[in-house]
Amino acid sequence: MTATIRYDEVEVGQEIPAAEYPVRRLNLVMYAGASGDFNQIHWNERFARTVGLPDVIAHGMFTMAQAGRFVTDWAGDPAAVVDYGVRFSSMVVVPDDDAGATISVSGVVEEKLEDKRVVVGLVAKSADAHVLSKARAVVQLS
């Protein structure tokens with residue numbers, strides 16, 4: 001599989017429209033099972049509050065994965081992402097209700113590199129807080 005986005009069709013400054021990813025407590029329990037991270041701050045509201053958190057919070061790596069999903073969906077091929085990094089800057093608080101939380105991710109092409117690669121800068125927010133900073137992906141295009 002190769003990227004469906006073509007290098008010659010991408011320009012520096014090009015915005016990638018935002019996508020929203022819902023986060024419910026069930027998603028956190030499933031992620032805990034897949035990742036092996038059963039820290040109670042991710043599923044037990046009482047425990048989360050006793051350690052000073054406002055409520056249960058999403059796993060940082062779950063949040064990072066949603067931004068990674070955004071890039072792979074844009075590129076059309078998960079293997080097209082050749083480098084990816086973020087810093088965690090805030091929490092995704094996930095209330096125990098029908099709405100849960102939402103992670104909104106958008107991007108912009110920041111640089112065109114040699115060998116048909118581009119640098120995509122990402123913005124990830126939840127409840128108006130930037131939850132990732134310095135989020136960048138290098139993507140191999142066709």
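Let's start at a small landmark: right after helix α3, Gly76 adopts a positive phi of about 85°. Keep in mind that this is a predicted model. From that spot we can look back along α3, then move on to the sheet, the core and the salt bridges.

**Helix α3**

- Helix α3 is built from 16 residues, and from its first C-alpha to its last it reaches 23 Å, close to the 22 Å expected at 1.5 Å a residue.
- The buried residues of α3 are Phe62, Thr63, Met64, Gln66, Ala67, Gly68, Phe70, Val71, Thr72, Trp74 and Ala75.
- What sits over those buried residues? The cover includes α1 along with the strands β1, β2, β3, β4 and β5.

**The sheet**

- Five strands make an open sheet with antiparallel pairing, and their order is β1-β3-β4-β5-β2.
- Strands β1 and β2 (81-88) stand at the edges with a single partner strand each, so one side of each has no neighbour in the sheet.
- Going from one strand to the next, the twist averages 20°.
- For a closer look at one pairing, take β1 and β3: they run antiparallel and are joined by seven bridges.
- Which residue in β3 is the bridge partner of Glu15? That would be Val108.

**The nonpolar core**

- In soluble globular proteins, nonpolar side chains tend to be buried together.
- Here, the largest nonpolar core has 34 residues.
- Those with the most contacts inside this core are Val23, Trp74, Val105, Val118, Leu122, Val139 and Leu141.
- The elements that give two or more residues to this core are β1 (15-23), α3 (60-75), β3 (101-112), β4 (117-126) and β5 (129-140).
- Which element gives the most to this core? It's α3, with seven residues.
- Zoom in on Leu122: leaving aside residues up to four places away in sequence, Leu122 touches Ala67, Phe70, Val71, Tyr84, Val105, Ser106, Gly107, Ala135 and Arg136.

**Salt bridges**

- How many salt bridges does the structure hold? There are six, and three of them get a closer look below.
- Asp55 and Arg25 meet through their side chains in a salt bridge (2.7 Å, N to O).
- Asp55 lies in the loop between α2 (45-50) and α3, while Arg25 is in helix α1 (residues 25-35), so this pair ties together parts that are 30 residues apart in sequence.
- Are Asp55 and Arg25 buried or exposed? Asp55 is buried, and so is Arg25.
- The side chains of Glu45 and Arg49 also meet in a salt bridge (3.3 Å, N to O).
- Glu45 and Arg49 are four residues apart in helix α2, so about one helical turn separates them.
- Glu45 is partly exposed, with a relative accessible area of 28%, and Arg49 is partly exposed as well, at 43%.
- Over in the sheet, Glu110 and Arg136 form a salt bridge through their side chains (2.8 Å, N to O).
- Glu110 lies in strand β3 and Arg136 in strand β5, so the pair ties together parts that are 26 residues apart in sequence.
- Glu110 counts as partly exposed at 33% relative accessibility, and Arg136 is partly exposed too, with a relative accessible area of 37%.
- Arg25, Glu45, Arg49 and Asp55 are joined into one network by salt bridges that share partners.

How values were computed
Residues are numbered from 1 along each chain as its sequence is written. This is a predicted model: local features need pLDDT of at least 70, side-chain atom pairs count only at pLDDT 80 or more; totals for chains, interfaces and linings use all residues. Side-chain values use heavy atoms; hydrogens and water are left out. A nonpolar core is a set of buried Ala, Val, Leu, Ile, Met, Phe, Trp, Tyr and Cys residues joined through side-chain atoms within 4.5 Å. Buried means under 20% relative accessible area, exposed over 50%, partly exposed in between (1.4 Å probe, protein chains only). Contact means heavy atoms within 4.5 Å. A salt bridge is a side-chain nitrogen of Lys or Arg within 4 Å of a carboxyl oxygen of Asp or Glu. Two strands pair if DSSP finds at least two bridges between them. Axes are lines fitted to C-alpha atoms, for helices over the stretch in contact, and angles run from 0 to 180 degrees between N-to-C directions. The expected span of a helix is 1.5 Å times one less than its number of residues.
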